[in-house]
Amino acid sequence: MNEILSTLYNAVLEGDEAGTKQGIQAALDAGLEPGKILADGMIAAMKEVGKRFEDGDYFVPEMLISARAMQSGLALLKPHLVNSNVKAAGKIAIGTVKGDLHDIGKNLVALMLEGAGFEIKDLGVDVPIEEFIRVAKEEKPDIVAMSALLTTTMLMMKQTIDAFEAAGLRDKVKFIIGGAPISETYANQIGADGFASDANRAVNMAKSLLSK
Amino acid sequence: MNSRERLLTALAHGEPDRVPIDLGATDVTSIHRDAYIELMAHLGRDPGSMTIDNLVQQLPKLDETFLQEIVKADVRAVKENMGSAGPLRIEERDGYCCTVNEWGIGMRMPKDGGLYFDLVDFPIKESTLKALDAYTWPSPADPSRWVGVAERARHLYETTPYGLVTTWATGMGVFQLSQFLRGMEDFFMDLASNPGFATRLMGKLGEVMSEWYSILLDQVGPYVQVVRIADDLAGQQGPLISPVLYRKLVKPIQKKVIAAIKAKANVYVMYHSDGAMLSFLPDLIDIGVDIFNPVQVNARGMGDTLWLKQEFGRDLSFWGGLCDNQFTLPFGTPQDVRSETRRRLEDLMPGGGFVAAPIHNIQAGVPAENIVAMLETVHTYGIY
């Protein structure tokens, strides 16, 4: 790999925010393609972060600082990506369902998805069904990702999917769900398209759903 | 054998007449108000003028005759008073009930259908020593916390047969409370990118906690048998932070706090952490923890309770573990609940060292029939 990009890659991997920004600036100054900076310098690093998390070498703190570095870097790179017409890997609307205010897991999933090159529309916490529907209509995401921590609020996931069905929007989006009490069985039962038990698996799930 | 003797026998790793039972003696072994109301209706009992004992988790004060007749609970809580700041002032704003506690932590609960207060604002905004110095710590010496506390504890000790458990104001340990003061994500990032600050924060909290416990145990030490700390280290899939980082930064501070507790009173220390705690159990034994709560059986590596008992049961008592709380208890049939509860009893009871309690608080929406099935199974098969 190009030396400038490999420095950037390492900065993201180490969660070095300042180093990431410097790395991007250096890459832009050297005239590298914004799309290439994103793919090889940043998304590739976040993929390695995900792998290390999966292997038990990285934990939430390490993942968070890498995601933070990625995010600051993206802010810097975004105008250049737009100018050179680089498209996101897909658009994902994400939020915790109505009644559920627990967003640690959701935030981590959103960060990792962003790190994988998806465009994220974060709807925050306690998101009413109508809001998911409004966003689906207006923003046209490829995926709606819902999170719930509680056995009580997880039932809202089914209601949300049912409401999409009733509004004739079900076939416009894929649903992925996650959260402490969520299982694959539950995902199948309520007609979600995918389930992920952690942020890294959510990235893999989103990629595989959009490659279908 | 009375309840207290039963508890002490079990915690000394002996077999009492029957397994001791806890419901409601801690903020992590109780029942959510909605499930409690439904249960009381199912039992044809009047929940009375229900007071909420724990605002954040919406745990009611449980009716004493219910605890005696239905649960046959062996343990009760001894609690300090609120500080001079008094009860929390709850304001309604944008569809939420909002409040700020004496630590400066902002919380809110949806006004309609809300189940908990969630933490939304954190008082220490920056990971700088300056921000840490500027933070005003609640004072454990605040006299209004301690008025009548020793008398209440002595009264419970002398006039009731129950085992007594206590904890300090927040009930939390240094790792968790640091997250509550900085925000979970920010504190986790501090751990990874500014460990000096994270250690200073936890160290300061450790000092505050040790002082707090010291005053608390001056009051209630002679009467209580168990002191509880809740300091979650694991998620359901595994540790929240690297065990190496834990051993370097968190464990030494926890160890000091536990030493301060044990220097003050002859008590068993109960450590609460949900999740996949397998990698940390040897560390807990190492820092002087006597009791592990709750054994979240559906978390990774925690399901084989027979093995857990064989591996760690000589050094740790288990308190909790009764029935999976995310699938079986809320969504299974009463028969599912009976079989699982019976299995956990068979795994965890032998040789003592087990207090039967739900895995965390019984949540809203858990059918009353299932709670009754769990309790009945303990009453039937919890005999030695």
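# Two chains, questioned

Visitor: What makes the length of helix 7 of chain A close to the expected one?

Guide: Helix 7 of chain A, residues 155–166, has 12 residues and reaches 17 Å from its first C-alpha to its last. The expected span is 1.5 Å times one less than the number of residues. For this helix the expectation is 16 Å, and 17 Å is close to that.

Visitor: Where do the helix labels and the numbers come from?

Guide: Helices (H or I, at least four residues) and strands (E, at least two) are DSSP runs, numbered from the N terminus. This is a predicted model, in which local features need pLDDT of at least 70, side-chain atom pairs count only at pLDDT 80 or more, and totals for chains, interfaces and linings use all residues. Residues are numbered from 1 along each chain as its sequence is written, while chains are lettered from A and ligands numbered from 1 in the order in which they are written.

Visitor: How do you know what confidence chain B has?

Guide: By its pLDDT, the predictor's confidence in each residue, from 0 to 100. Chain B has a mean of 96, and 100% of its residues reach 70 or more. For the model, ipTM is 0.90 and pTM is 0.93.

Visitor: Which residues of helix 7 of chain A are called buried?

Guide: A:Met156, A:Met157, A:Thr160, A:Ile161 and A:Phe164. Buried means 20 or more other C-beta atoms within 10 Å of the residue's own; exposed means 12 or fewer, and partly exposed lies in between, with C-beta atoms placed from the backbone.

Visitor: Why are they said to line one face?

Guide: Look down the axis of helix 7 of chain A: the buried residues fall within an arc of 140 degrees, so they line one face. The arc is that of the directions from the helix axis to the C-beta atoms. Exposed A:Glu165 and A:Ala166 sit on the face turned away from the buried side.

Visitor: What does the buried side of helix 7 of chain A pack against?

Guide: Its partners in chain A are strand 1 (91–97), helix 6 (129–139), strand 3 (143–147), strand 4 (174–178) and helix 8 (184–190). A contact requires C-beta atoms, placed from the backbone, within 7 Å. Just after this helix, A:Gly168 takes a positive phi of about 70 degrees.

Visitor: What makes chain A as compact as a globular protein of its length?

Guide: Chain A holds nine helices and five strands. Its radius of gyration is 17 Å, and the globule rule gives 17 Å for 212 residues, so the description fits. The radius is taken over C-alpha atoms; the rule is 2.2 Å times the number of residues to the power 0.38.

Visitor: Why does chain B get that description too?

Guide: Chain B has 14 helices and 13 strands. Its radius of gyration is 20 Å, close to the rule's 21 Å for 384 residues, so chain B is also as compact as a globular protein of that length. Of those residues, 48% count as buried.

Visitor: What makes helix 6 of chain B largely enclosed?

Guide: Nine of its nine residues, 174–182, are buried, so the rest of the structure largely encloses it. Among them are B:Phe175, B:Gln179 and B:Arg182. They pack against strand 7 (118–121), helix 7, helix 8 (195–220), strand 9 (226–230) and helix 9 (243–264) of chain B. Just after helix 6, B:Gly183 takes a positive phi of about 90 degrees.

Visitor: Which element of chain B gives the largest share of the side that touches chain A?

Guide: The contact takes 23 residues from chain B and 22 from chain A. Helix 7 of chain B (residues 184–193) supplies seven, the largest share of the chain B side. That side divides into 12 nonpolar, nine polar and two charged residues. Nonpolar covers Ala, Val, Leu, Ile, Met, Phe, Trp, Tyr, Cys and Pro; charged covers Asp, Glu, Lys and Arg; the others, Gly among them, are polar.

Visitor: How do you know whether B:Gly332 is buried or exposed?

Guide: Count its neighbours. B:Gly332 has 18 C-beta neighbours inside 10 Å, so it counts as partly exposed. Its place is the loop between helix 12 (328–331) and helix 13 (334–348) of chain B. B:Gly332 touches B:Phe327, B:Val337 and B:Asn370, leaving aside residues up to four places away in sequence.

Visitor: And B:Leu375, buried or exposed?

Guide: With 23 C-beta neighbours inside 10 Å, B:Leu375 counts as buried. B:Leu375 lies in helix 14 of chain B, residues 368–381. Not counting residues up to four places away in sequence, B:Leu375 touches B:Ile70 and B:Val71.

Note on methods: Two residues are in contact if their C-beta atoms, placed from the backbone, lie within 7 Å.
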